[in-house]
Amino acid sequence: MLNLVVLGLVQGLTEYLPVSSTAHLLFAEHFLGVRRPGLVLEAVLHLGTAAAAVALFRADLVRLARGAVAWVAGRRADPYARPAAAVVVATAVTAALGLAFASPLERLFASVRGTAAQLIVTGVILLWQRERGQRGLTDATPLDGVALGVAQAAAIVPGISRSGITIVAGLALGLRRAEAARLSFLMAVPAIVGASLFSLRDLDRVADAGINVADLAAGFGVAAAVGAGAIVWVMQFVRQGRLAWFGVYCWIVGLAVLATVR
């Protein structure tokens, strides 16, 4: 159970920080010697951090749900109709690209060194970020959703930070820093839940790796609790325009893993 608690801590700390939680999970599993039963461990831990986002952004999620209904009903005056459509479009684009490239993407999870190299790419992306406009969440459109969905799909590659690349994409689309982060976290809920439920198809393999339901529950709980704190923390960093520090961190960790793992 201790290994799952450690992995839950790693997942909770890194899911919403722009440093790729998947990369950190793969590194932790490698150095702890944890056997990977498919993608089940990652799926359960990601569901924990999705629960954290639901708890903290439940009011926004309710508004988006109502906005989606309003959009379908043609009531475009609802201020959350367009951003709801943007989230739906982004989720659909991410899902379509993820399913289309599922096999090659899943094979990437076997390479620790490849993941470290992609983490360095995340560092480059974070150093490139700039605030380019003053648009808010309710200004997001379905067309924005296409761009954000492509960015989110790119983060399926282990080492590419989902929150990092979607926040940077939001900034490029003219969203304010805090609003880009807020939209990124709201988009994360359906994306993480969908991908995680898909990965639970390997659930019957956990027993072969010496993992039981109590272990998974412990990892889920730790990931959820720590993830909530990480969201609050990263929002402060985003408002202060200090994402570049995470880029430097990604370079340091990526280069350290490349120098250590053969």
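**Note on a predicted model: salt bridges and a helix pair**

1. Five salt bridges are present in the structure, which is a predicted model. One of them joins the side chains of Arg63 and Asp60, with 3.0 Å from N to O. Both residues belong to helix 4 (residues 58-72). Arg63 and Asp60 are three residues apart there, about one turn of the helix.

2. Next, a pair of packed helices. Two packed helices are described by the angle between their axes and the distance between the axes. For helix 3 (residues 40-56) and helix 11 (residues 213-239), the axes come within 7 Å and cross at roughly 45 degrees. That angle makes helix 3 oblique to helix 11, because it falls neither under 35 degrees nor in the range from 65 to 115. The crossing of helix 3 with helix 11 is right-handed.

3. Which residues of helix 3 and helix 11 make the contact? On helix 3 they include Leu41, Val44, Leu45, Gly48, Ala52 and Leu56. On helix 11, Leu216, Gly219, Phe220, Ala223, Gly227 and Ile231 are among them. By class, the residues of this contact are 15 nonpolar and four polar, with no charged ones.

4. Does the length of helix 11 agree with its number of residues, and what span should it have? Helix 11 has 27 residues, so at 1.5 Å a residue it should span 39 Å. The C-alpha atoms at its ends are 39 Å apart, which agrees.

5. Finally, the residue to check after this helix is Gly241. Just after helix 11, Gly241 has a positive phi of about 65 degrees.

Conventions:
Residues are numbered from 1 along each chain as its sequence is written. This is a predicted model: local features need pLDDT of at least 70, side-chain atom pairs count only at pLDDT 80 or more; totals for chains, interfaces and linings use all residues. Side-chain values use heavy atoms; hydrogens and water are left out. Axes are lines fitted to C-alpha atoms, for helices over the stretch in contact, and angles run from 0 to 180 degrees between N-to-C directions. Helices (H or I, at least four residues) and strands (E, at least two) are DSSP runs, numbered from the N terminus. Angles under 35 degrees count as roughly parallel, over 145 as roughly antiparallel, 65 to 115 as roughly perpendicular and the rest as oblique. A crossing is left-handed if the near helix is turned anticlockwise from the far one by less than a right angle, and right-handed if clockwise. Contact means heavy atoms within 4.5 Å. Ala, Val, Leu, Ile, Met, Phe, Trp, Tyr, Cys and Pro count as nonpolar, Asp, Glu, Lys and Arg as charged, and the others, Gly among them, as polar. The expected span of a helix is 1.5 Å times one less than its number of residues. A salt bridge is a side-chain nitrogen of Lys or Arg within 4 Å of a carboxyl oxygen of Asp or Glu.
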